[in-house]
Amino acid sequence: MFNPTEIRKEFPVLSQQVNGQPLVFLDSAATTQKPIAVIEAMNDFYKNHYSSVKRGAYSLSAKTTQKFEDARAKIASFIDAESENSIVFTKGATEGINLVAWSYGLSNFEEGDEILLSVLEHHANIVPWQLVGKEKKAKIKVFPCDDNGDLQISELPNLLSEKTKVVSLTHTANSIGTVNPLSEIIPIIRKLAPKAKILIDAAQGAPHSKISVKSMDCDFLVFSGHKIYGPTGIGVLYGKKELLQRMPPWQGGGEMIDEVSFEKTTFASTPARFEAGTPPIAEVLGLSAAIDWLNGVGMENIIKHEHQITDYALHSVRALPATQIIGNPKNRGAIISFIVKSENRGSDIHPHDIAMILDENGIAMRAGHHCAQPAMQRLGVQATLRASFAVYTVPWEIDRLCQSLKRAARIFG
Ligand code: PLP
């Protein structure tokens, strides 16, 4: 039986007091807490099996290499990829996007080419394209959203053409929670921009939904380990195998080569060619344990629970007199974004001031632009408070948030 109160007990961080009150952790979109199974898998590696991968001819290293490659296969199956060779280990979603931009983009863009990004993107899915686009004189086009924060699909015919070389879109907007209708959008891109490669930023999607890169029909997909109950310092880039195989390396070093001489170097096949240097081994094993843990809980249970808790939070926060929810997307992930108005001053109370009061009450919540300044600007705010949820979020945390928001409104109102 799925029981979030029991699940919370598996997360040591959640049992502490902060400022004299039980911690309320509502910042899972920034990073999730870690279940004991993940912490112990990493400890076990350091305590009992520590060795490098690939290089050792000895048993310890051979075993670690096996576990490391098993993790790759597990992740391939987790996102329904055709082969483990489509899975490249990166430092996180940010590095995955940079890899595609600096490898695929740099070697394929020509002057006048176009890159389509949505206005809802995290800066991690904007800035790498700007850097490479500038280098290659490729132009960025912006897929707009409406006042609710839903992408305006009817605009796609005006934005896509033979010139579009990359479309890079988020699965779920980290700022306001919009879940994009990718099964509707991707076929349109395929039809109107036949030369475009499609990258999906699943940093906020993979922890909260079933991902199938096959049925989605994307060319690339990225996510971060630390947002999916795994450690920091590890992420995943999925790429269609034949595409990765044609892409040049973006970083050079050990383990990514076939043969090296001062005259000429030849490169290993994918994924090794994109994994220069000693990889983050403990982190890969931690991510592997996180996927096992998540599969054990069951993604259907997580999805159902997070829908319920997000609905509860939305209704509770909406019912407070001074709050205003930002964005009202048709399909919402486990995120709500809002501002609090001052009744007397007739203006907004700065989200950082509210966050300070929340912290005094033991509530960990993000305030700011959430690394999505274009989205904030489009929705007419500079910053918001963002409550984001996970498998361990429970209703009393939302009740505590609401009490504390009332207190903050009284103090600043
Ligand atoms: N994309 C989205 C939608 C995100 O929410 C984030 C992080 O918040 C990132 C990319 C970047 O992830 P990371 O910092 O783990 O690389």
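**Domain interface**

I began with the area buried between domain 1 and domain 2, which comes to about 2,800 Å², with carbon and sulfur atoms giving 56% of it. Buried area here is the accessible area, taken with a 1.4 Å probe, that two parts lose on being put together, summed over both. In domain 1, I see Met299, Cys371 and Arg378 losing the most area to domain 2, together 20% of what that side buries.

A note to self on the source: this is a predicted model, where local features need pLDDT of at least 70 and side-chain atom pairs count only at pLDDT 80 or more, while totals for chains, interfaces and linings use all residues. Residues are numbered from 1 along each chain as its sequence is written, and side-chain values use heavy atoms, with hydrogens and water left out.

I looked up the bounds next: domain 1 is 4-30 + 298-412 and domain 2 is 38-296, as set by an automatic or database domain assignment. Their C-alpha centres lie 29 Å apart. For contact (heavy atoms within 4.5 Å), I have 38 residues of domain 1 against 35 residues of domain 2.

**Polar links across the interface**

How many salt bridges are there between domain 1 and domain 2? I get two, a salt bridge being a side-chain nitrogen of Lys or Arg within 4 Å of a carboxyl oxygen of Asp or Glu. I also checked Asp147 and Arg378, whose side chains meet in a salt bridge at 2.8 Å, N to O.

Polar contacts across the interface come to 23 residue pairs, both residues at pLDDT 80 or more. The rule wants a pair of N or O atoms within 3.5 Å; within protein, one must be able to donate a hydrogen and the other to accept it, and residues adjacent in sequence count only if both atoms are side-chain atoms. On the domain 1 side that touches domain 2, α11 (299-318), β14 (335-341) and α13 (373-378) each supply at least two residues. Helices (H or I, at least four residues) and strands (E, at least two) are DSSP runs numbered from the N terminus.

**Ligand**

Which residues come nearest to the ligand? Of the 13 around it (a heavy atom within 4 Å), I noted Thr94, Asp201, Ser224, His226 and Lys227. A side-chain N or O atom of Thr94 is 2.6 Å from a ligand oxygen. Ser224 has a polar side-chain atom 2.7 Å from an oxygen of the ligand, and for Lys227 I read 2.6 Å.

**Elsewhere in the chain**

My search of the whole structure gave 21 salt bridges. Glu114 and Lys141 pair at 4.0 Å, N to O. Glu114 sits in β5 (residues 114-118) and Lys141 in β6 (residues 139-143), so this pair ties together parts 27 residues apart in sequence.

Two backbone oddities went in last. Thr270 and Pro271 are joined by a cis peptide bond, omega about 5 degrees, and Pro271 is in the loop between β12 (265-267) and α10 (281-297). Tyr229 has a positive phi, near 75 degrees, though not a glycine; I found Tyr229 in the loop between β9 (220-224) and β10 (235-239).
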